[in-house]
Amino acid sequence: DQARVRALAFNSDGSRLATARGGLVSFARVWAVPDLQSTGDSVAYAWKTGEHAGSILSLAFDRAAGGRSETLFVGHSRNFVLPWSSPTGDAEPGRVGVRGDTLWGHEEGVRGLAFNPETGWLASASGDGTIRIWDPARTVALLELRGHELDVHSVHFRNGGLMSGSRDGTLRRWPLDGLSPGLEGGLDGARTREVVCRIARRNLSADEWDRFFALPPREVCPDG
């Protein structure tokens, strides 16, 4: 069909390519890259997501396929991230994947996604000007990053930090080193409090402590 291709993503070993198509109703397909290199007239996709009302704006795989279940994260124009896992067993090509738990929190569409296989974290960039760091295994947001003045369109994990690009014309690096996967041990350690202060650049509100950490408020920045 002639539907617009709005987003694409390779998995980490390059064996899979995901493409998002559609407008008012959209979906994503996952292709085996060797099949795309064939000389045949048509290529069958490996699996697909269910249909979404609205537009898919961004895609990210969790890790290399490696012959096991893979997850594709879908960033949506309706402000959420939805994980889809590949069909289990010896599924026929073209089967619909398994829908996971929706990640809610952004106030505008999710324009960029990035997954860090070392920590299991997912970063989402939104038209609301914020970035969220998620633990998708627990369906919780670990951090909300603010600093851009306009829409954030892209995110990328690198060297213990996160890079982000925005329509405000700036590129930012957010240091995440020192935060352990899943925030084991809570936020009572001096090192972890230091990292949270460096990222947020302020003390968090009581609502943010409750929403992101399910903890009572505490001081992380001595100077406020």
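A salt bridge is here a side-chain nitrogen of Lys or Arg within 4 Å of a carboxyl oxygen of Asp or Glu. By that criterion the structure holds six salt bridges, and several of them are stops on this tour.

The model is predicted: local features need pLDDT of at least 70, side-chain atom pairs count only at pLDDT 80 or more, and totals for chains, interfaces and linings use all residues. Residues are numbered from 1 along each chain as its sequence is written, and side-chain values use heavy atoms, with hydrogens and water left out.

**First stop: the hairpins of S1, S2 and S3**

Select residues 5-10, strand S1, together with residues 16-22, strand S2. Strands are DSSP runs (E, at least two residues), and helices are likewise DSSP runs (H or I, at least four residues), numbered from the N terminus. S1 and S2 pair in the antiparallel sense over five bridges; pairing requires that DSSP find at least two bridges between two strands. Within this pair, leucine 8 stands opposite threonine 19 in S2. Five residues lie between the strands of this hairpin, where glycine 14 takes a positive phi near 75°.

Next, add residues 25-32, strand S3, which runs antiparallel to S2 and is joined to S2 by seven bridges. The hairpin of S2 and S3 has two residues between the strands. Select glycine 22 to find its bridge partner in S3, serine 26. S2 is mostly covered, with six of its seven residues buried. Buried means under 20% relative accessible area, exposed over 50%, and partly exposed in between (1.4 Å probe, protein chains only).

**Second stop: the sheet S11-S12-S13-S14**

Select the four strands that form an open sheet in the order S11-S12-S13-S14, with antiparallel pairing. Its edge strands are S11 (110-116) and S14 (140-146), each of which pairs on one side only. The twist averages 20° from one strand to the next; the underlying axes are lines fitted to C-alpha atoms (for helices over the stretch in contact), and angles run from 0 to 180 degrees between N-to-C directions.

Now restrict the view to S11 and S12 (residues 121-126), which pair in the antiparallel sense over six bridges. Alanine 114 stands opposite alanine 123 in S12.

**Third stop: glutamate 144 and its partners**

Show the side chain of glutamate 144, which forms a salt bridge with arginine 132, the closest N and O atoms being 3.0 Å apart. This pair links distant parts of the chain: glutamate 144 belongs to S14 and arginine 132 to S13 (residues 130-135), 12 residues apart. Glutamate 144 is buried, with a relative accessible area of 14%, and arginine 132 is buried as well, at 4%.

Glutamate 144 also forms a salt bridge with arginine 146, where the closest N and O atoms are 2.9 Å apart. Arginine 146 counts as partly exposed, at 47% relative accessibility.

**Fourth stop: the network around aspartate 151**

Select Arg111, Asp151 and Arg167, which are linked in a network of salt bridges. Within this network, the side chains of aspartate 151 and arginine 167 meet at 3.5 Å, N to O. Aspartate 151 lies in the loop between S14 and S15 (152-158), whereas arginine 167 lies in the loop between S16 (161-166) and S17 (171-175), 16 residues apart. Aspartate 151 is buried, with a relative accessible area of 13%, while arginine 167 counts as exposed at 52%.

Then select glutamate 108, in the loop between S10 (98-99) and S11. Glutamate 108 is partly exposed, with a relative accessible area of 41%. Its C-alpha atom is 9.0 Å from that of aspartate 151, although 43 residues separate the two in sequence.

**Final stop: the largest pocket**

Centre the view on Phe10, Ala60, Phe61, Ala114 and Phe115, which lie nearest the centre of the largest pocket among its 24 lining residues. On a 1 Å grid over the protein atoms alone, a pocket is an open set of points where a 1.4 Å probe fits, with protein on both sides within 12 Å along at least five of seven lines; a cavity is a set from which the probe cannot get out, and lining residues have an atom within 4 Å of a point. The volume of the largest pocket is about 380 Å³, taken as the space filled by probe spheres set on the points, with grid points joined across faces, edges and corners. S1, S6 (56-61), S11 and S15 each give two or more residues to its lining.
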